[in-house]
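Colleague: Could you walk me through this model and show me the reasoning behind the labels you use?
Modeller: Gladly; let's put it on screen and begin with the overall layout.

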Amino acid sequence: MVNFEEVLQKRKAELSAHLDNSVFIDYAGMKTLIDESVTRSNEIDNPAGQASGPHNEDNGVEAQNVMPQETDFFEAWNLELQKVKVAIERNLDGKKYCSMPCGPMLVTCSTGQMSRDHADALFAAIELNREGFRKIIKKYDKHHEDRPPAQIARLATFDLVMAGTMDRIEDLAMFDNRARGSKSQKSKVFGLFLLVAVIVTVTLASMQATTVQVAFATGLIASFLTAWGNAANDICNSVGTAVGCKALTLFQAVMWGAVFEVIGALTMGPYVSKSITKGIIITSDYESTPEMYAFGMVCVLFGTGS
């Protein structure tokens, strides 16, 4: 059987680069409290110098004394939980998150950012603490089988107390620069886009492309930008779970979404176009100048994709 104290010490060492020991449960101290509560309970059940037979007076004394020592343990459990919560929130000092309603939108800002590594360390600490508190209350129930089990209620208390803290950590981690892409990643994407643009330009110039062919080529680039933006917005319900469980990265999800957005536009686009052209765009006005119509569509694509 795995010893939780050993696991706790090992995880503390692994997370020491981001967190100090104050954010973890005092597991040994809580175990000592359980042992003390068991000792006190035994002393109450079998007081020194008294017969072991049932006495009404003794039973009355026992009923009066069990509750205070039980309450002492749960008070210590609550205090330990609050200590851990305060220590974790201390790691958020100087990293503020603010929001301001602006019509239907919510304007957010941040005076500090939390790295994803630091956020993951805090989440790992909370998960480890939850397991520690669970084992402590399970051990307490095991030594006090004559009382109602408290594990489910105490875990619900832990989740309730930590819910707000976990939300704050997630809010702050959203502003991590690396979550939005490092400078090197952005440079690579920009370089790739520039390379494609140069290749397309050289190809069109060498083949002496017509105006419509130029519009078609640039329209493909603009349509991909539009698909990228739509993918980031439209596929969130489809891939949110996959990204959340880390089966896909955010970049992979948006990339695949963009690909299928393009496929959908090529296969189902004419049906959408028929709806748009009814009363919105009169195509007959551009029969003599199809190039104008083509470049108008390219401008629309660049506008929606930018």
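Colleague: In what order do the elements of the chain run from the N terminus on?
Modeller: Keep in mind that this is a predicted model. From the N terminus, the order is α-α-α-β-β-α-α-α-α-α-α-α-α. The chain has 11 helices and 2 strands, and of its 306 residues, 26% count as buried.

Colleague: Let's take α5. How do you know that the distance between its end C-alpha atoms agrees with the span its residues should give?
Modeller: Helix α5 covers residues 151-173, which is 23 residues. At 1.5 Å a residue, the expected span is 33 Å, and the end C-alpha atoms are 31 Å apart, so the two agree.

Colleague: Where does α5 bend, and by how much?
Modeller: The bend is at Met-162 and amounts to about 40°. Met-162 is also one of the buried residues of α5, a list that includes Arg-154, Leu-155, Phe-158 and Val-161.

Colleague: On to the rings, then. How many aromatic pairs does the structure hold?
Modeller: There are 7 aromatic pairs in the structure.

Colleague: What makes the pair of Phe-4 and Tyr-27 tilted?
Modeller: The ring centres are 4.9 Å apart, which is within the 6.5 Å needed for a pair. The planes stand at 55°; stacked would need under 30 degrees and edge-to-face over 60, so the remaining label, tilted, applies. This pair links distant parts of the chain, with Phe-4 in helix α1 (residues 4-15) and Tyr-27 in helix α2 (residues 27-45), 23 residues apart. Both Phe-4 and Tyr-27 are buried.

Colleague: And which label does the pair of Phe-74 and Tyr-140 get?
Modeller: That pair is tilted as well, with 5.2 Å centre to centre and 55° between the planes.

Colleague: Why do you say that Phe-74 and Tyr-140 tie together parts that are apart in sequence?
Modeller: Phe-74 belongs to helix α3 (residues 56-90) and Tyr-140 to helix α4 (residues 116-143), so the pair joins parts 66 residues apart in sequence. Phe-74 and Tyr-140 are both buried, and together with Phe-73 they form one aromatic cluster.

Colleague: Now for helix packing. Why are α1 and α4 called roughly antiparallel?
Modeller: Their packing angle is about 165°, with the axes 11 Å apart. Angles over 145 degrees count as roughly antiparallel, and α1 and α4 therefore earn that description. The crossing in which α1 passes α4 is left-handed.

Colleague: What makes Leu-33 count as partly exposed?
Modeller: Leu-33, which lies in helix α2, has 28% relative accessibility. Buried means under 20% and exposed means over 50%, with partly exposed in between, so Leu-33 is partly exposed. The C-alpha atoms of Leu-33 and Ala-76 are separated by 8.3 Å, although these residues are 43 residues apart along the chain.

Colleague: Is Arg-90 buried, partly exposed or exposed, and how do you know?
Modeller: Arg-90, found in helix α3, has 48% relative accessibility, so it counts as partly exposed; the exposed label takes over 50%. From Arg-90 to Val-23 the C-alpha distance is 9.1 Å, with their positions 67 residues apart in sequence.

Note on methods:
Residues numbered from 1 in each chain as written. Predicted model: local features only at pLDDT ≥ 70, side-chain atom pairs only at ≥ 80, totals over all residues. Heavy atoms only, no water. Helix = DSSP H or I, 4+ residues; strand = E, 2+ residues; numbered from the N terminus. Expected span 1.5 Å × (residues − 1). Bend = angle between axes of the 7 residues up to and from the residue. Buried < 20%, exposed > 50% of the residue type's maximum accessible area, 1.4 Å probe, protein only. Phe/Tyr/Trp six-rings, centres within 6.5 Å; stacked < 30°, edge-to-face > 60°. Axes fitted to C-alpha atoms, helices over the stretch in contact; angles between N-to-C directions. Parallel < 35°, antiparallel > 145°, perpendicular 65-115°, else oblique. Left-handed = near helix turned anticlockwise from the far one by under 90°.
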